[in-house]
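Visitor: Could you take me through the salt bridges of this model, looking closely at one helix and the partners its charged side chains find?

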Amino acid sequence: MVDTTEQRIYELIKPWCGRSWLTRRAPELTGETSLNITLKMDPEDTAELLVTLFSEFGLNPDDIDLSVYYPRRRGQEIPLTIDMLVSSVRSGKWLYK
């Protein structure tokens with residue numbers, strides 16, 4: 001069951017999801033969906049989304065280090081998932097390092 005907090009997080013993310021050029025469909029969002037890997041959001045767009053999301057829920061956007069999720073070397077990315085955002089919003093602070 002999705003609560004209002006989780007629903008609002010999905011609503012904030014949805015506009016950032018592009019449609020596939022092949023299928024013309026937006027990707028299905030789940031808790032395991034990652035902004036950086038699944039949605040292939042660039043770091044600037046992710047930062048903008050997180051500022052909006054963190055501002056709405058009273059979290060400090062400076063607490064997240066995007067270089068962990070967008071490292072200089074390809075193949076070393078850690079997924080930045082919707083579940084991570086939901087858990088952090090519910091706790092009132094960024095939970096992941």
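Salt bridges around helix 1

Guide: Glu-11 and Arg-8 sit three residues apart within helix 1, which is about one turn of the helix. In this predicted model, the two side chains form a salt bridge whose closest N and O atoms are 3.3 Å apart, a separation that satisfies the criterion because a side-chain nitrogen need only lie within 4 Å of a carboxyl oxygen. Glu-11 is partly exposed, with a relative accessibility of 39%, and Arg-8, at 29%, is likewise classed as partly exposed.

Arg-8 also forms a salt bridge with Glu-56, and here the closest N and O atoms are 2.7 Å apart. This pair links distant parts of the chain, since Arg-8 belongs to helix 1 while Glu-56 belongs to helix 2 (residues 43-57), 48 residues apart. Glu-56 has a relative accessible area of 39% and is therefore partly exposed.

Turning to the segment before helix 1 (4-13), one finds Asp-3, which is paired with Arg-90 of helix 4 (residues 82-91) across 87 residues, another link between distant parts of the chain. The closest N and O atoms of the salt bridge between Asp-3 and Arg-90 are 2.7 Å apart. Asp-3 is partly exposed at 31% relative accessible area, and Arg-90 is partly exposed at 48%. Through salt bridges that share partners, Asp-3, Glu-6 and Arg-90 are joined into one network. Counted by this rule, the model has four salt bridges.

Definitions and conventions:
Residues numbered from 1 in each chain as written. Predicted model: local features only at pLDDT ≥ 70, side-chain atom pairs only at ≥ 80, totals over all residues. Heavy atoms only, no water. Helix = DSSP H or I, 4+ residues; strand = E, 2+ residues; numbered from the N terminus. Buried < 20%, exposed > 50% of the residue type's maximum accessible area, 1.4 Å probe, protein only.
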